[in-house]
Amino acid sequence: MTQPFTHLDAAGHARMVDVTAKQPTVRSARASGRVECGPDVVAALRDGTVPKGDVLAVARVAGIAAAKRTPELLPLAHVIGVHGVVVDLDITDEGVDISATVRTADRTGVEMEALTAVAVTALAVVDMLKGLDKSVRIAGVQIEEKTGGKSGDWRRA
């Protein structure tokens, strides 16, 4: 049996899924990604000599703000209460590793909010570094795990 698409109505038009009848539950999602850059840029990050300033602080705030604005960017995402966002950045020999965890007590999950936080954090890092090296790149943005909701818990193998 073919299952109908959840975000299309009977006529095939896009629609937002109605979650009115769902009960709010505690949910979380964690996403990760990386900004890859060369050894000179990594050295500038570690030494705090990036000309634009504190890369990690700017990127962290950008990621938190982005998680809260996800429904403005994704037309079928629900406006939900984003109750907690943690963005972690770690300078490695390959670049900057990013992880974002988003939590809510609402009717739908926060996977898109976690992915948006990571993606915008990465964009902010690139923006702060592009004057040093035009070849920096964003890689591997993905969901790592989610908890709660109808589908239950999931973790990337």
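Which strand does Val141 lie in? Val141 sits in strand β4, residues 137-147.

## Ground rules

We're looking at a predicted model: local features need pLDDT of at least 70, side-chain atom pairs count only at pLDDT 80 or more, and totals for chains, interfaces and linings use all residues. Residues are numbered from 1 along each chain as its sequence is written, and side-chain values use heavy atoms, with hydrogens and water left out.

## The overall fold

The chain has 4 helices and 5 strands, which run along the sequence as β-α-α-α-β-β-α-β-β. These are DSSP runs numbered from the N terminus, with helices being H or I of at least four residues and strands being E of at least two. Taken along the principal axes, the C-alpha atoms fill a box of roughly 55 × 30 × 30 Å.

Among contacts (heavy atoms within 4.5 Å) between residues at least 6 apart in sequence, 71% join residues at least 24 apart.

## Surface and charge

Of the 157 residues, 38% count as buried. Here buried means under 20% relative accessible area, exposed means over 50%, and partly exposed is in between, using a 1.4 Å probe and protein chains only. The chain exposes about 9,100 Å², and carbon and sulfur atoms supply 56% of that. Those areas come from the Shrake-Rupley method with a 1.4 Å probe; for residues, only the protein chains shown count as cover.

As for charges, the mean positions of the 19 positive and 20 negative ones are 6 Å apart. Lys and Arg count as positive, Asp and Glu as negative, while His and the chain ends are not counted. Each charge is placed at NZ of Lys, CZ of Arg, CG of Asp or CD of Glu.

## The nonpolar core

In soluble globular proteins, nonpolar side chains tend to be buried together. A nonpolar core here is a set of buried Ala, Val, Leu, Ile, Met, Phe, Trp, Tyr and Cys residues joined through side-chain atoms within 4.5 Å. The largest one holds 35 residues, and Leu45, Leu89, Ile98, Val125 and Leu129 touch the most other members. Two or more residues come from each of β1 (25-36), α1 (39-47), α2 (55-68), β2 (84-92), β3 (95-106) and α4 (111-129). Helix α4 gives the most, with 10 residues.

Take Leu89 as a sample: not counting residues up to four places away in sequence, Leu89 touches Leu56, Ala59, Arg60, Val96, Asp97, Ile98, Thr121 and Val125.

## Around helix α3

Thr70 belongs to helix α3 (residues 70-73) and is buried, at a relative accessible area of 0%. Beyond neighbours within four places in sequence, Thr70 is in contact with Met112, Glu113 and Thr116. With Thr116 there is also a side-chain to side-chain polar contact at 3.5 Å. That term means a pair of N or O atoms within 3.5 Å; within protein, one must be able to donate a hydrogen and the other to accept it, and residues adjacent in sequence count only if both atoms are side-chain atoms.

Glu72 also lies in helix α3, but is exposed at 57%. The Glu72 side chain makes a polar contact with the side chain of Arg69 at 2.9 Å.

## Along strand β4

Back to Val141, which is partly exposed at 35% relative accessibility. Setting aside neighbours within four places in sequence, Val141 is in contact with Ser32, Gly33, Leu115 and Val118. Val141 and Pro71 are 70 residues apart in sequence and 19 Å apart in space, C-alpha to C-alpha.

Gly140 is in β4 too. Leaving out neighbours within four places in sequence, Gly140 is in contact with Ser32 and Gly33. From Gly140 to Gly33 the C-alpha distance is 4.9 Å, with their positions 107 residues apart in sequence.
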